Amino acid sequence: MQRAPHSDVPVCVLGLGLIGGSILRALHRAGRPAYGWNRSAAAADDASAAGFDASSDLAATLRRADAGHIVVIAVPVPALDPVLAAIAEHAPNAWLTDAVSVKGDVARRVADAGLTERYAGGHPMAGTAFSGWEATDAALFDGATWVVTADDATPARAWRLAASVGLDCGAVVVPAGSTEHDAAVARISHSVHVVAEAVAITAELDPAAKQLALTLAANSFRDVTRVAGTAPSLVNAMCEANRDALLDALDDTIAELISARTELADSGTVRDITERGYAGRKAYENARRTPFVPVLDGAGWQRTLREAGHAGGVVTALPGS
């Protein structure tokens with residue numbers, strides 16, 4: 001039997017691409033009141049034709065959300081500032097979260113728009129190489145992790161409402177600070193995109209073997225380069241918004257590759273990187289999630305949540321829901 005939603009506060013999703021559109025579908029599946037907006041009228045019309053409440057009129061959509069609804073921003077980074085300005089103008093009483101893959105940059109933009117007191121950042125750790133409304137899937141977030149930021153300035157009400165969106169989409173919620181989130185995703189997501197691009201390019205760099213290499217390419221090449229199929233504009237926006245953390249991650253990745261090349265040239269082996277890489281993969285496979293109940297009051301509750309997230313804690317239900 002389907003459980004009741006974690007909140008009955010309606011959700012307004014801004015941006016109906018892969019992530020935003022899948023959020024709208026997942027909330028609808030959960031029985032949560034939800035509606036959406038998309039800049040492209042064609043995508044909004046497609047969502048409406050599929051039975052969802054969608055519009056391409058941003059001001060009207062936000063005036064509706066001003067009744068204390070939750071606004072989920074799921075637009076690309078370059079569109080954030082005008083969307084935040086529209087929220088400040090038309091929906092200053094809405095609660096605010098987002099689905100953008102960087103958190104420090106978004107938090108700064110939210111602060112510049114004067115909306116910090118109603119904001120908790122969000123990042124669903126799920127996706128595919130496809131984009132647009134036609135790629136949306138209500139099950140995209142099932143079992144996935146969904147970061148909800150617990151910075152020192154995060155309001156408890158905003159955190160709870162942002163977490164309720166992730167839970168109602170089928171995910172488990174991981175609390176984290178914006179800075180530590182960005183450092184982590186630089187290493188397990190953003191640098192992975194750059195490496196995937198490099199591997200895809202390398203396969204074509206030897207003109208004499210180019211066609212043969214692509215003919216022979218099988219599962220390992222497919223798996224490593226899967227995210228290289230993501231639209232370059234989306235990867236650019238994601239990586240550039242997390243520049244400093246990504247530079248650190250790439251420095252470490254490049255150092256590992258140089259070390260492996262040196263070992264192969266000098267000793268005829270790549271044993272060090274393969275053994276440590278194998279151990280790293282096993283650590284990922286054996287990582288365990290520990291459910292805990294968040295306490296959203298008292299001094300330092302944000303720090304307590306961050307510490308729980310650091311220790312592998314996940315939120316699977318909200319107190320009193």
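Start with Cys 239. Select it and show its side chain. Cys 239 has a relative accessible area of 10%, so it counts as buried, the cut-off being under 20%. Keep in mind that this is a predicted model.

Go next to Cys 169. Is it buried or exposed? Cys 169 is buried, at 0% relative accessibility. Now look for disulfides. The search of the whole structure turns up 0 of them. Cys 169 is accordingly in no disulfide, and the nearest cysteine sulfur belongs to Cys 12, 14 Å away. A disulfide would need the two sulfur atoms within 2.5 Å.

Now move to the strands. Select residues 11-14, which form strand S1, and residues 34-37, which form strand S2. These two strands pair in the parallel sense, over 4 bridges. Which residue of S2 stands opposite Val 13? That residue is Gly 36.

Add residues 18-30, helix H1. Follow the path from S1 through H1 to S2: together they make a right-handed β-α-β unit.

Stay on Gly 36 and add strand S3, residues 54-55. S2 and S3 run parallel and are joined by 2 bridges. In S3, Ala 54 is the bridge partner of Gly 36. Gly 36 thus links this view to the last one: Val 13 is opposite Gly 36, and Ala 54 is its bridge partner in S3.

Select helix H2, residues 41-49, as well. S2, H2 and S3 make a right-handed β-α-β unit.

Next stop: helix H5, residues 104-112. Which of its residues are buried? Color Gly 104, Asp 105, Val 106 and Val 110. Then show what covers them. The cover includes helix H4 (80-90), strand S5 (95-98) and helix H7 (178-202). Just after H5, click on Gly 114, where phi is positive, near 75 degrees.

Finally, zoom out to the whole chain. Its secondary structure comes to 13 helices and 10 strands. The radius of gyration is 21 Å, close to the 20 Å that the globule rule gives for 321 residues, so the chain is as compact as a globular protein of that length. Turn the C-alpha trace along its principal axes: the span is about 65 × 45 × 45 Å.

Color by burial. Buried residues account for 44% of the 321 residues. Switch to the surface. The accessible surface comes to about 15,900 Å², and 56% of that belongs to carbon and sulfur atoms. Last, display contacts between residues at least 6 apart in sequence: 72% of them join residues at least 24 apart.

Key: Residues numbered from 1 in each chain as written. Predicted model: local features only at pLDDT ≥ 70, side-chain atom pairs only at ≥ 80, totals over all residues. Heavy atoms only, no water. Pairing = 2+ DSSP bridges. Right-handed = clockwise from strand over helix to strand, strands pointing away. Rg over C-alpha atoms; globule rule 2.2 N^0.38 Å. Buried < 20%, exposed > 50% of the residue type's maximum accessible area, 1.4 Å probe, protein only. Contact = heavy atoms within 4.5 Å. Areas by Shrake-Rupley, 256 points an atom, 1.4 Å probe, with all protein chains shown as cover.
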